[in-house]
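Here are three short exercises to work through with the model open in your viewer. Try each one before reading its solution.

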Amino acid sequence: LAGCLEKDPSTQGMLACFDEAYRTWDAELNRVYGELLSRLSPEGAGSLREAQRAWLKQREATFKLMDGVYARKEGTMFLTMRAADRVDVVRKRALELMAVVDVLDIE
């Protein structure tokens, strides 16, 4: 992300970088989720599905809150702050799921 932001520090450039980062983290989240599903017992996979559905609802509620907060602010810097916050939400979930994979890998 840092390298991307350095290439084009304009608002549009930063928004494009955050969009790319969001898509990258979302793809990683989906990859790790799929890996976990394949490695867990049927009961564990069911619990993971339930947890992920709950997280998706929370993500949408969090994004709605962010949209409301940033809509009240003037200035293009708030567009990039909102985009960065959205990336952070998805990145954190991907890292949470990666930590579960790490536990499964402990011998």
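**Exercise 1.** Work out how many disulfides this predicted model holds, and find which cysteines are joined.

*Solution.* Start with the cut-off: a pair of cysteine sulfur atoms counts if they sit within 2.5 Å. Cys4 and Cys17 pass, with S to S at 2.0 Å. The count comes to one disulfide. Next, place the two ends: Cys4 belongs to helix H1 (residues 2-7) and Cys17 to helix H2 (residues 11-39), so the bond ties together parts 13 residues apart in sequence. Then check the handedness: the angle about the S-S bond is -90°, which makes the link left-handed.

**Exercise 2.** Decide for Cys4 and for Cys17 whether the residue is buried, partly exposed or exposed.

*Solution.* You need two limits here: buried is under 20% relative accessible area, and exposed is over 50%. Cys4 comes out at 24%, so Cys4 is partly exposed. Cys17 has just 3%, so Cys17 is buried.

While you're at H1, look at the confidence too: among the elements, H1 has the lowest mean pLDDT (83), while helix H3 (residues 42-71) has the highest (97). The protein as a whole averages 94, and 100% of the residues score at least 70.

**Exercise 3.** Locate Arg93, classify its accessibility and list its contacts beyond four places in sequence.

*Solution.* First, find Arg93 in helix H4 (residues 77-105). Second, its relative accessibility is 10%, so Arg93 counts as buried. Third, skip the neighbours within four places in sequence; Arg93 then contacts Leu29, Ala51, Gln52 and Trp55.

Terms used: Residues are numbered from 1 along each chain as its sequence is written. This is a predicted model: local features need pLDDT of at least 70, side-chain atom pairs count only at pLDDT 80 or more; totals for chains, interfaces and linings use all residues. Side-chain values use heavy atoms; hydrogens and water are left out. Helices (H or I, at least four residues) and strands (E, at least two) are DSSP runs, numbered from the N terminus. Buried means under 20% relative accessible area, exposed over 50%, partly exposed in between (1.4 Å probe, protein chains only). pLDDT is the predictor's confidence in each residue, from 0 to 100. Contact means heavy atoms within 4.5 Å.
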